[in-house]
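Reader: I have the model open and would like to go through it with you. Could we start with the loops and move on from there?

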Amino acid sequence: MVFAIAWWIKSEVAFMWVRLGIMVSGVSVALVALYNKANGIGLVEGTRVTISRDLRSQLGDPNDLSLVLMFPVSFLAAEAFNTSGTRTQRFFGIAGLLIVINGIIATQSRGGLLGICAVLGYFFYQRVRSIYITGIVGVIGIMCLAVVAGISDRSSGGAAEGGVDASAMGRLYAWQAAFNMAVRNPFTGVGIDNFYANYYFYSPHWDGKNHAVHSTWLQVMAETGFVGFTLFVTLIVAIYKLLRRSQQLLDTHADAGLLMVNRSLQAGLLAFCVSGTFLTQAFTWPLYIILALSVAFERMVQARSSDRR
């Protein structure tokens with residue numbers, strides 16, 4: 001997919017279609033999630049929405065569903081915060097953003113809520129240019145989202161569990177197991193997609209079943225070792241540098257549409273890094289779609305810059 005997308009998308013028109021497709025598909029998935037929530041279809045723990053869980057869908061886990069919806073949030077937020085766009089564009093951008101955010105809220109995923117705050121905080125900072133104001137608004141925002149999402153009503157990780165809740169303790173045990181895997185296998189890890197099967201052998205606590213790692217960073221460390229983790233972080237940094245170089249070649253007025261795409265990708269990368277603290281998404285498609293679009297975007301911007309000279 002990375003090679004196909006990077007080679008296929010070569011023009012501004014293609015990027016506009018990609019942007020539109022991501023936004024429309026995100027709203028469509030969110031509408032299905034909200035429908036399922038309203039009708040009690042495929043709920044996990046009685047409150048957390050999923051899609052086609054009975055068919056073992058990729059969206060059958062609330063955390064995975066929130067991850068899939070996170071990518072469209074960055075594009076819709078760019079549309080909503082775009083001051084150079086028409087009122088109609090901003091209206092549909094805001095409407096779509098609210099629908100998708102509600103879809104993520106329905107999953108009651110803490111990683112998803114952090115991702116929402118990261119994206120909105122990024123675009124809010126672009127407007128106010130104050131890290132302190134953005135930080136204060138971000139803290140208030142995540143508290144409000146947590147209340148609206150009903151995190152305290154969750155069966156796991158809710159208010160019914162005193163002290164450090166079972167969901168949090170499960171993550172801590174999984175993170176310990178991940179670190180133990182990396183220490184025991186520093187060069188290769190236990191192999192991609194093998195964390196779950198190896199949980200029993202490395203976890204300090206056994207409750208009768210294996211668990212997912214619930215952290216992108218520790219997933220990479222456990223499954224590919226410290227060498228793979230270093231390469232993964234290098235990839236993240238490389239994508240960021242690609243997008244920054246592309247942004248420097250764009251003209252704020254002449255390339256307003258492309259600048260919005262660039263900021264959408266930057267926000268998507270930020271959301272991946274933040275939500276990845278609580279979501280297992282190292283080897284799923286969002287990061288690699290961002291990589292492909294970033295490569296294609298830089299190639300196109302460089303070609304346009306050369307033509308102008």
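Author: This is a predicted model. A place to begin is Asp 193, which sits in the loop between helix H7 (166-184) and H8.

Reader: Is Asp 193 buried or exposed?

Author: Asp 193 is exposed, with a relative accessible area of 66%.

Reader: And what is its phi, for Asp 193?

Author: The phi of Asp 193 is positive, at about 70°, although the residue is not a glycine. As a general matter, most residues other than glycine have a negative phi.

Reader: Which residue in the loop between H2 and H3 has a positive phi of about 55°?

Author: That is Arg 56, which is not a glycine either and has a positive phi of about 55°. Arg 56 lies in the loop between H2 and H3, and at 81% relative accessibility it counts as exposed.

Reader: Staying in that loop, how far is Asp 54 from Gly 42?

Author: Their C-alpha atoms are separated by 7.2 Å, and the two residues are 12 apart along the chain. Asp 54 also lies in the loop between H2 and H3, and with a relative accessible area of 68% Asp 54 is exposed.

Reader: Back to H8 for a moment. Which of its residues are buried?

Author: Helix H8 covers residues 195-202, and its buried residues are Phe 195, Asn 198, Tyr 199 and Tyr 202.

Reader: Why do you put those on the same side of H8?

Author: Because they cover an arc of only 140° around the axis, the buried residues lie on the same side of H8.

Reader: Changing topic: how many salt bridges are there?

Author: A search of the whole structure finds 2 salt bridges. In one of them, the side chains of Glu 79 and Arg 19 meet, with a distance of 3.3 Å from N to O. This pair links distant parts of the chain, since Glu 79 belongs to helix H3 and Arg 19 to helix H2 (residues 12-39), 60 residues apart.

Reader: Are those two side chains buried or exposed?

Author: Glu 79 is buried, with a relative accessible area of 5%, and Arg 19, at 10% relative accessibility, counts as buried as well.

Reader: What about the residue after Arg 19, Leu 20, where is it found?

Author: Leu 20 is found in helix H2, and at 39% relative accessibility Leu 20 counts as partly exposed. The C-alpha atoms of Leu 20 and Gly 112 are separated by 22 Å, with their positions 92 residues apart along the chain.

Reader: Which residue does Arg 245 form a salt bridge with?

Author: Arg 245 pairs with Glu 298, and the closest N and O atoms of the two are 2.9 Å apart. Arg 245 lies in helix H9 (residues 216-248) and Glu 298 in helix H11, so the pair ties together parts that are 53 residues apart in sequence.

Reader: How accessible are Arg 245 and Glu 298?

Author: Arg 245 counts as partly exposed, at 41% relative accessibility, whereas Glu 298 is buried, with a relative accessible area of 10%.

Reader: Now the interior. How many cavities of 30 Å³ or more does the structure hold?

Author: The structure holds 1 cavity of 30 Å³ or more, and the largest cavity has a volume of about 60 Å³.

Reader: Which residues line the largest cavity?

Author: The lining is made up of Leu 67, Met 70, Phe 71, Gly 268, Ala 271, Phe 272, Ser 275, Gln 281, Pro 286 and Ile 290. The elements that give two or more residues to it are helix H3 (62-80), helix H10 (256-275) and helix H11 (285-308), and the largest share, 4 residues, comes from H10.

Reader: And how does that lining divide by class?

Author: By class, the lining of the largest cavity has 7 nonpolar, 3 polar and no charged residues.

Reader: Last topic: how many disulfides are there?

Author: The structure holds 0 disulfides. Cys 117 is in none, and the nearest cysteine sulfur to its own, that of Cys 144, is 9.2 Å away. Cys 273 is likewise in no disulfide, and for Cys 273 the nearest cysteine sulfur is that of Cys 117, 16 Å away.

Reader: Is Cys 117 buried or exposed?

Author: Cys 117 is buried, with a relative accessible area of 17%, a value that falls under the 20% limit for buried residues.

Key:
Residues are numbered from 1 along each chain as its sequence is written. This is a predicted model: local features need pLDDT of at least 70, side-chain atom pairs count only at pLDDT 80 or more; totals for chains, interfaces and linings use all residues. Side-chain values use heavy atoms; hydrogens and water are left out. Buried means under 20% relative accessible area, exposed over 50%, partly exposed in between (1.4 Å probe, protein chains only). The arc is that of the directions from the helix axis to the C-beta atoms. A disulfide is a pair of cysteine sulfur atoms within 2.5 Å. On a 1 Å grid over the protein atoms alone, a cavity is a set of points where a 1.4 Å probe fits but cannot get out, and a pocket is an open set with protein on both sides within 12 Å along at least five of seven lines; lining residues have an atom within 4 Å of a point. Grid points are joined across faces, edges and corners, and a volume is the space filled by probe spheres set on the points. Ala, Val, Leu, Ile, Met, Phe, Trp, Tyr, Cys and Pro count as nonpolar, Asp, Glu, Lys and Arg as charged, and the others, Gly among them, as polar. A salt bridge is a side-chain nitrogen of Lys or Arg within 4 Å of a carboxyl oxygen of Asp or Glu.
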